[in-house]
Amino acid sequence: MIIRDSIWWIKWISTGLCVASATFTALDIYPINAWTGFAGCVGWTWVGYRWKEWAILNLNVFLGIVYGAGCIRSILI
């Protein structure tokens with residue numbers, strides 16, 4: 001029996017959110033694309049931290065800031 005830990009679930013849910021964000025961006029569906037992208041980046045940031053993979057961590061921190069700015073913009077407009 002394969003036991004899945006929480007990192008496995010976070011990894012795949014975050015991947016699904018990132019794919020959904022790319023789809024929403026391609027279809028020009030705003031602001032849900034920014035919110036799903038931000039959520040996916042938060043999940044992958046956590047995974048990168050737990051795995052001690054600095055490339056994954058740094059990439060997703062930067063992307064999270066970009067998506068976070070888009071989320072703030074969607075609230076203010």
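1. In this predicted model, the buried residues of helix 3 are Leu57, Asn60, Gly64, Gly68, Gly70, Cys71 and Ser74. Helix 2 is among the elements that cover them.

2. Helix 3 runs over 54-76. Its 23 residues reach 33 Å from the first C-alpha to the last, close to the 33 Å expected at 1.5 Å a residue.

3. Serine 74 lies in helix 3. Its relative accessibility is 17%, so serine 74 counts as buried, the cut-off being under 20%. With neighbours within four places in sequence left aside, serine 74 is in contact with Tyr30, Pro31 and Trp35.

4. The surface carries a nonpolar patch made of Leu27, Ile29, Ile32, Trp35, Ile72, Ile75, Leu76 and Ile77. Together these residues have about 860 Å² of accessible area. Two elements give two or more residues each to the patch: helix 2 (32-51) and helix 3 (54-76). The largest share, 3 residues, comes from helix 3.

5. Trp35 is worth reading twice: Trp35 belongs to the nonpolar patch, and Trp35 is also a contact of the buried serine 74. Helix 3 likewise appears on both counts, with Ser74 in its list of buried residues and 3 residues in the patch.

6. Where is leucine 27 found? Leucine 27, a member of the patch, sits in the loop between helix 1 (6-26) and helix 2. Leucine 27 counts as exposed because its relative accessible area is 57%, against a cut-off of over 50%.

Key:
Residues are numbered from 1 along each chain as its sequence is written. This is a predicted model: local features need pLDDT of at least 70, side-chain atom pairs count only at pLDDT 80 or more; totals for chains, interfaces and linings use all residues. Side-chain values use heavy atoms; hydrogens and water are left out. Patches are made of residues with over 30% relative accessible area and no salt bridge: like charges are joined within 9 Å, nonpolar side chains (Val, Leu, Ile, Met, Phe, Trp, Tyr) within 5 Å. Accessible areas come from the Shrake-Rupley method with a 1.4 Å probe; for residues, only the protein chains shown count as cover. A salt bridge is a side-chain nitrogen of Lys or Arg within 4 Å of a carboxyl oxygen of Asp or Glu. Helices (H or I, at least four residues) and strands (E, at least two) are DSSP runs, numbered from the N terminus. Buried means under 20% relative accessible area, exposed over 50%, partly exposed in between (1.4 Å probe, protein chains only). The expected span of a helix is 1.5 Å times one less than its number of residues. Contact means heavy atoms within 4.5 Å.
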